[in-house]
Amino acid sequence: MRYLTVALAKGRLAELAMELFISIGMDCSEMKEKTRKLIFTDEVNKMKFILVKASDVPTYVEYGAADIGIVGKDTLLEDNRNLYEMIDLGFGKCKMAVCGPVELKGKLDTMTNLRVASKYPHIALKYFQDDKGQTIEIIKLNGSVELAPLVGLSDVIVDIVETGKTLKENGLDVLEDVCPLSARFVVNKVSMKMEKERIMNIVQKFKEQIEK
Amino acid sequence: MSNWKLHTPNGVNDILPSECAVKKEIESTIWSVFSSFGYKEVETPTFEYYDCYAGLGGQISQEHMFKFFDEQGRILALRPDFTTSIARMASTKVDDAAAPLRYLYTGNVYRVEQTQGARQREFTQSGIELIGSYLPAADAEVIAAAMEAIMAVGIEDFSMEIGQIAFFNGLVEQAGLDGKSIEKLRERIDSKDSVGIKTITDKLDIDESIKNLIIDLPYLFGGAEVFEKAYVDGLNETSKIALDNLKRIYELLCLYGFEKYVSIDLGMLESIDYYTGSIFKCYTHGVGFPICAGGRYDNLMGQFGSPKGAVGAAIGINRILSVLSDKENHDISASLIFAEHNAEGIGYDIAYNLRVNGCLVEMYIGGGDYSDAVEYAKSRDIGAMLRVFPDGKLIIDDFTKHETTETTANEFLGYYDDDMMFEHNDCGCGHDHEQVHDHGHEHHHDCDCGCED
């Protein structure tokens, strides 16, 4: 039997995903140990788990280097890869939102030359240009995006909002919701065809677990 | 300033001899299979007017084409595929009465792709187009020919998925969706995103059985049992005809003997503006993308003024190559001729005679002495060395048999005897063969030595 390879987004998502795999009878004990290893094998079920950076998960899966991936919807939206997005795993829930100083609430539509800072330039562009029909200027940042409106780099930001705590502490607020986010189970299109039974088996079991 | 002259641009590659040999072999195998189905090879220009490729519902969007201008400012584009050009050619240059037309092609296509990874901007496609038939027998023939070709190159473990665009078109027609929602729904079904599909169907006021069918569409893949699930009550004419059509294609493919390779996927919905009926993709282990794809494109011929049914398939040679990359490259070893000073003429004569008999012959041009030539031969795939002296003496060093023979050029070439003769020919191609040849021709001997084996 071939190994099925699962790419997990490093961090909290990987931990939650592992729990899900354990709950359907996979052996992930190797991963529980504190180690710097990036690849773990379950010889019984012929599974391999690899730990990669979240934004790389869709790449591994699209190219077939991994058959399955567990990754946030934000990464999928930003990358727009050619994959099967089979299940909403229901964890890692948060939302993508336009945030900024509270006084801009309700005024975004009337602003011309809106400057938007984001780690997710494609999502921001798609939301403003395709969905709202508004031309904007995108400023791509790699972190601490909340800072941008405070120092005048941008008018607003498009970012992930979980609790909204960071925003509040920096005097920002959610102005508009872009979309809800959560972890997704994605599958390479070729693997889906070539390993139909094994993958659908996991999908079925996951769905049962999630409904519990 | 960077100096780019040592590099190839993103997305294009050199192909070195060992890989090139395998690639050409794959191309020629595929060519033979397609041509055995009665397809005739054609060539179309590497670039055409952009308008040719840009027609309504073109399969490749403009941001994926390499464009440039001619001297009159018209936009040209490197061909992003062959189908469009062949459709243009068939519409404008071929008599209508000649249908059905069967064309085959092999060549490179060019696309502007994001090249962070394995996506190429220049790649080789080998494919067929069957123009002038609306019948399922045409679809089945093209799919069958593609599968024969894939098997002929040595891929046994593959899966050919067939779908039907018109079935989906029938469903959304019934649901009364507008263009934008259709695209959204298509995208979500194509990526098997059930959550996303439900958010669209929840808003629809349609027959419950149709609604459930749309939600189930991503999972409607597998064997013949898919048809039973898809034939629900309340299907409209479009969907019913589409399903009948796909079922017929499937049955015909089973009659071809391909049952174990073919499965149905009604959720496969790519390029729906371009394809009008059947659509198919072929997958195998070891490559994350389809190795072959195609479908029915009944609207394309009409855009060039000659509406006709047409169906085609294209095989991605580079992808096949990556699957077969561990395939052994059985190079035929060459012979190396080392001519001593003033013996070049005799050397060339021997080389010519061996070459016309199908042997691979290299001349040593390294400029060194015989021991240098031996060194060279050992570093290469050389089966035998022929050392020629000005007086006609010839020493043959057969590396595969570890034999050294001393003879003369005349004897080796069979010039000395007027009679037909048998001769043992050590041409170095790695085979023992006795040859019969007729002597007397300055630069020719007729021989059936079969060296090309």
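Colleague: Which residues does B:Ile315 touch, leaving out those up to four places away in sequence?

Modeller: This is a predicted model, so take what follows as a reading of a prediction. B:Ile315 touches B:Ile30, then B:Gln125, B:Ser126 and B:Gly127, and further on B:Ala146, B:Ala149 and B:Ile150. B:Ile291, B:Cys292 and B:Ile320 are also touched by B:Ile315.

Colleague: And which residues have the most contacts inside the largest nonpolar core?

Modeller: B:Ile315 is one of them, together with B:Ile143, B:Ala146 and B:Ile150. That core has 94 residues. Helix α4 of chain B, residues 136-152, gives the largest share of the core, with 10 residues. Apart from this core there is another of 35 residues, and A:Ala7, A:Leu20, A:Tyr60 and A:Val186 are among its members.

Colleague: Let's zoom out. How many helices and strands does chain B have?

Modeller: Chain B has 15 helices and 19 strands. Of its 453 residues, 41% count as buried. Take the contacts in chain B between residues at least 6 apart in sequence: 68% of them join residues at least 24 apart.

Colleague: Where do the domains of chain B begin and end?

Modeller: The domain assignment puts domain 1 at 17-323 and domain 2 at 334-437. Their C-alpha centres lie 53 Å apart. You can look at B:Ala334, which sits in strand β13 of chain B. From B:Glu129, B:Ala334 is 205 residues away in sequence and 39 Å away in space, C-alpha to C-alpha.

Colleague: Is B:Ala334 buried or exposed?

Modeller: Count the neighbours. B:Ala334 has 20 other C-beta atoms within 10 Å, so it is buried.

Colleague: What about the residues with positive phi that are not glycines? Where is B:Asn342?

Modeller: B:Asn342 is in the loop between β13 (334-339) and α13 (344-356) of chain B. Its phi is positive, about 70°, and it is not a glycine. B:Asn342 counts as exposed because it has 11 C-beta neighbours inside 10 Å. In chain A, look at A:Lys46: it has a positive phi of about 55° and is not a glycine either. A:Lys46 is in the loop between β2 (39-42) and β3 (47-52) of chain A. With 12 C-beta neighbours inside 10 Å, A:Lys46 counts as exposed too.

Colleague: Since we're at β2 and β3 of chain A, how do I read a sheet?

Modeller: Start with the pairing: strands of a sheet pair through backbone hydrogen bonds, either parallel or antiparallel. Here β2(A) and β3(A) run antiparallel and are joined by four bridges. A:Thr41 stands opposite A:Lys48 in β3(A).

Colleague: In what order do the six strands of the open sheet in chain A come?

Modeller: The order is β2-β3-β1-β4-β11-β5, and the pairing is mixed. At the edges are β2 and β5 (84-88) of chain A, each pairing on one side only. On average, neighbouring strands of this sheet are turned by 25° against each other, direction ignored.

Colleague: Which strands does helix α1 of chain A lie across?

Modeller: Helix α1, residues 12-23, lies across β1 (4-9), β3, β4 (68-72) and β11 (183-187) of chain A. The helix runs at about 140° to β1(A).

Colleague: Last one: how many residues of chain B are in contact with chain A?

Modeller: There are 13 residues of chain B in contact with 13 residues of chain A. On the chain B side, five are nonpolar, five polar and three charged.

Definitions and conventions. Residues are numbered from 1 along each chain as its sequence is written. Chains are lettered from A and ligands numbered from 1 in the order in which they are written. This is a predicted model: local features need pLDDT of at least 70, side-chain atom pairs count only at pLDDT 80 or more; totals for chains, interfaces and linings use all residues. Domain bounds come from an automatic or database domain assignment. Two residues are in contact if their C-beta atoms, placed from the backbone, lie within 7 Å. Ala, Val, Leu, Ile, Met, Phe, Trp, Tyr, Cys and Pro count as nonpolar, Asp, Glu, Lys and Arg as charged, and the others, Gly among them, as polar. A nonpolar core is a set of buried Ala, Val, Leu, Ile, Met, Phe, Trp, Tyr and Cys residues joined through C-beta atoms within 7 Å. Helices (H or I, at least four residues) and strands (E, at least two) are DSSP runs, numbered from the N terminus. Two strands pair if DSSP finds at least two bridges between them. Axes are lines fitted to C-alpha atoms, for helices over the stretch in contact, and angles run from 0 to 180 degrees between N-to-C directions.
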